[in-house]
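Let's take a walk through this structure together, starting with a pair of packed helices and moving on to charged pairs and a few single residues. Have the viewer open as you read.

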Amino acid sequence: MTDQIKILTMVIVAQLSFIPMIIYGNIQMWITSFFIYFIMFGLGVSLYNHRVLSHRSVILKNRLLKLFLLFWSTVMLQGSTIAWVSMHREHHKHSDTKKDPHTPVEGFWQSYWLSMMHTPNIKRFGIDLLRDKDITWFHKYFWRINIAYSAILFLTFGWMGILVGHLVPAAFTWHGVSIVNAVSHAPINLPSILGYRNYETNENSKNIPLAGYLTFGEAWHNNHHGKPASYTFKSKWWEFDIIASVADILRWMKLVEIKK
């Protein structure tokens with residue numbers, strides 16, 4: 001079974017995990033899952049995969065922080081860190097064309113659900129990551145790390161531990177990433193309250209206000225395409241980017257540097 005089929009299978013399993021969570025979960029479990037979603041998506045995806053690695057706008061100065069972020073980038077079940085970053089760089093290179101891994105040309109659902117079936121060109125877009133021993137170790141042992149994480153959750157908390165700590169947050173993360181990739185780039189005009197542009201870019205990127213807050217700043221996507229090298233995706237004062245604020249705190253703690 002190819003990695004793409006395995007990932008598609010796990011994405012489906014993660015989505016189905018909402019059913020037992022709705023039936024058996026309680027408010028404390030949902031809050032815990034959302035908090036882990038913040039760590040998984042906010043720190044693993046938005047901070048590490050996107051700002052640290054894809055665009056190099058934030059530079060890590062602490063290896064323990066790097067390993068912490070690498071772990072959460074790995075257990076979100078969207079492929080290895082190397083694969084994710086390579087695909088995102090491809091996206092910027094070929095935005096909204098047939099070569100874009102998340103292209104809307106083939107339709108919304110293709111963009112939202114099936115982009116993981118794309119095989120990223122790692123040797124072209126991720127060659128720098130292949131020289132990093134920590135990142136390549138997590139890439140090599142991607143499935144073992146995910147199995148071990150779920151096993152620890154099961155041994156500690158039972159089956160609900162896997163749902164609360166792994167599958168449900170991974171499902172939230174999938175929707176967070178897909179909203180940015182598919183909705184923000186949908187080739188349609190939206191009322192400004194639903195989507196708008198601050199920058200005239202050469203693709204369809206839009207800022208999606210509600211999703212901007214639910215994705216901790218990621219869905220201010222037109223701002224990002226307008227200034228891809230910026231560590232913050234905020235352009236207007238009310239476009240709150242919590243991950244940029246996290247980066248500011250980490251800089252104050254001397255754990256990162258920020259390129260401006």
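A good place to begin is where α3 and α5 pack at an angle of about 65 degrees, with 10 Å between their axes. The axes here are lines fitted to C-alpha atoms, for helices over the stretch in contact, and angles run from 0 to 180 degrees between N-to-C directions. The helices themselves (H or I, at least four residues) and the strands (E, at least two) are DSSP runs, numbered from the N terminus. The crossing of α3 and α5 is right-handed; a crossing gets that name if the near helix is turned clockwise from the far one by less than a right angle, and is left-handed if anticlockwise.

Before going further, please note that this is a predicted model, in which local features need pLDDT of at least 70 and side-chain atom pairs count only at pLDDT 80 or more, while totals for chains, interfaces and linings use all residues. Residues are numbered from 1 along each chain as its sequence is written, and side-chain values use heavy atoms, with hydrogens and water left out.

Which residues bring the two helices together? On the α3 side they are Val45, Tyr48, Asn49, His50, Leu53 and Ser54, and they meet Thr81, Trp84, Val85, His88, Arg89 and His92 of α5. Sorted by class, this contact of α3 with α5 has 5 nonpolar, 6 polar and 1 charged residues. In that sorting, Ala, Val, Leu, Ile, Met, Phe, Trp, Tyr, Cys and Pro count as nonpolar, Asp, Glu, Lys and Arg as charged, and the others, Gly among them, as polar.

Now look at α5 by itself. With 13 residues (81-93) at 1.5 Å a residue, helix α5 should span 18 Å, and its end C-alpha atoms are indeed 18 Å apart; the expected span is 1.5 Å times one less than the number of residues. Because 11 of its 13 residues are buried, α5 is largely enclosed by the rest of the structure. Buried means under 20% relative accessible area, exposed means over 50%, and partly exposed lies in between (1.4 Å probe, protein chains only). The buried residues of α5 include Trp84, Met87 and Glu90. What covers the buried residues of α5 includes α3 (27-54), α4 (63-74), α7 (122-125), α8 (133-140), α10 (159-183) and α12 (221-226), where contact means heavy atoms within 4.5 Å.

Helix α3 also holds serine 33, a buried residue with a relative accessible area of 0%. Apart from neighbours within four places in sequence, serine 33 is in contact with Met21, Leu163, Val164, Val168, Pro169 and Phe172.

Next come the charged pairs. The structure holds 10 salt bridges, each a side-chain nitrogen of Lys or Arg within 4 Å of a carboxyl oxygen of Asp or Glu. In one of them, arginine 56 meets aspartate 128 at 2.6 Å, N to O. This pair links distant parts of the chain, 72 residues apart: arginine 56 is in the loop between α3 and β1 (58-60), and aspartate 128 in the loop between α7 and α8. Arginine 56 counts as partly exposed at 33% relative accessibility, and aspartate 128 as partly exposed at 23%.

Another bridge joins lysine 66 and aspartate 132, at 2.8 Å from N to O. Lysine 66 lies in helix α4 and aspartate 132 in the loop between α7 and α8, so this pair ties together parts that are 66 residues apart in sequence. Is lysine 66 buried or exposed? With a relative accessible area of 15%, lysine 66 is buried, whereas aspartate 132 is partly exposed at 21%. Salt bridges with shared partners join Arg63, Lys66, Asp132 and Asp134 into one network.

Finally, turn to some single residues. Asparagine 223 sits in helix α12 and is buried, with a relative accessible area of 4%. Arginine 197 is 26 residues away from asparagine 223 in sequence and 7.6 Å away in space, C-alpha to C-alpha. Arginine 197 belongs to the loop between α10 and α11 (209-214) and is partly exposed, at 28%.

For backbone geometry, visit aspartate 96, in the loop between α5 and α6 (108-113). Its phi is near 60 degrees, a positive value in a residue other than glycine. Phenylalanine 216 also has a positive phi near 60 degrees, and is found in the loop between α11 and α12.
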